[in-house]
Amino acid sequence: MTARSEAVSSVPTFVCPLCHKQSWSEDDAVNRYCGACHVYTGDAVWTDYGLRLKLSACGLYYIGVRPMLVNWRLVLSQVEREWWPEGEWCYAGRDRAAFVTAALAGLAWDGDPSTEPLGWSKNVRTGEWRPPAEVSRVD
């Protein structure tokens, strides 16, 4: 093995946008799969405002996660006005578990504006709060 091929093989082929774990598997890179999160990350990419997870099923909205002062917020916004929310749901805490819970909820949700993602603690639009016992988190 040459020095050049050793240098190339030391660079991961895929870095998960959710947990930042590195993978050297070509299959993980092609499928955008994270073995640590056990999820296909699709087109998730970090922007200046947060993590844009995906395009909604209808293709009109982006679903993203953005950091707030005391929590993580799942945001539904029109493609033309990214990060100008049509809907917002808070996931209590600024720790990794709250972030992963919000991100996985966003990946599982189809982005239909007449529905809501799972596991949120506060709906920003309606002001509805859910007690901690009703909120499930990923630890």
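Visitor: A salt bridge is a side-chain nitrogen of Lys or Arg within 4 Å of a carboxyl oxygen of Asp or Glu. How many does the structure hold?

Guide: Three. This is a predicted model, where local features need pLDDT of at least 70, side-chain atom pairs count only at pLDDT 80 or more, and totals for chains, interfaces and linings use all residues. Residues are numbered from 1 along each chain as its sequence is written, and side-chain values use heavy atoms, without hydrogens or water.

Visitor: Which residue does Arg 52 pair with?

Guide: Glu 82. The closest N and O atoms of Arg 52 and Glu 82 are 3.0 Å apart. Arg 52 sits in strand 6 and Glu 82 in the loop between strand 8 and strand 9 (85–92), so the pair ties together parts 30 residues apart in sequence. Strands (E, at least two residues) and helices (H or I, at least four) are DSSP runs, numbered from the N terminus.

Visitor: Is Arg 52 buried or exposed?

Guide: In between. Arg 52 counts as partly exposed because its relative accessibility is 21%. Glu 82, at 24%, is also partly exposed. Buried means under 20% relative accessible area, exposed over 50%, partly exposed in between (1.4 Å probe, protein chains only).

Visitor: Next one. What does Arg 73 meet?

Guide: Glu 88, in a salt bridge of 3.0 Å, N to O. Arg 73 belongs to strand 8 and Glu 88 to strand 9, so far apart along the chain as 15 residues; the pair links distant parts.

Visitor: And are those two buried or exposed?

Guide: Arg 73 is buried, and Glu 88 is too.

Visitor: That leaves Glu 116. What's its partner?

Guide: Arg 130, at 3.9 Å, N to O. Glu 116 lies in the loop between helix 3 (96–108) and strand 10 (122–123), and Arg 130 in the segment after strand 10, so this pair ties together parts 14 residues apart in sequence. Glu 116 has 35% relative accessibility, so it counts as partly exposed. Arg 130 is partly exposed as well, at 25%.

Visitor: Step back. How many helices and strands in the chain?

Guide: Three helices and 10 strands. From the N terminus on, the order is α-β-β-α-β-β-β-β-β-β-β-α-β.

Visitor: How much of the chain is buried?

Guide: Buried residues make up 38% of the 139. Strand 7 (residues 61–67) is mostly covered, with six of its seven residues buried.

Visitor: How does strand 6 join strand 7?

Guide: Strand 6 (residues 51–55) runs antiparallel to strand 7, with four bridges. Two strands pair if DSSP finds at least two bridges between them. Lys 54 stands opposite Ile 63 of strand 7.

Visitor: What's in the turn?

Guide: Strands 6 and 7 form a hairpin with five residues between them. Gly 59 in that turn has a positive phi of about 85°.

Visitor: And strand 8, how many bridges to strand 7?

Guide: Seven, again in the antiparallel sense. Strand 8 covers residues 71–78. Val 65 faces Leu 74 of strand 8 across the pairing. Three residues make the hairpin connection from strand 7 to strand 8.

Visitor: New topic. Where is Glu 26?

Guide: In helix 2 (residues 26–31). Glu 26 is exposed, because its relative accessible area is 52%.

Visitor: How far is Glu 26 from Phe 14?

Guide: They are 12 residues apart in sequence and 8.0 Å apart in space, C-alpha to C-alpha.
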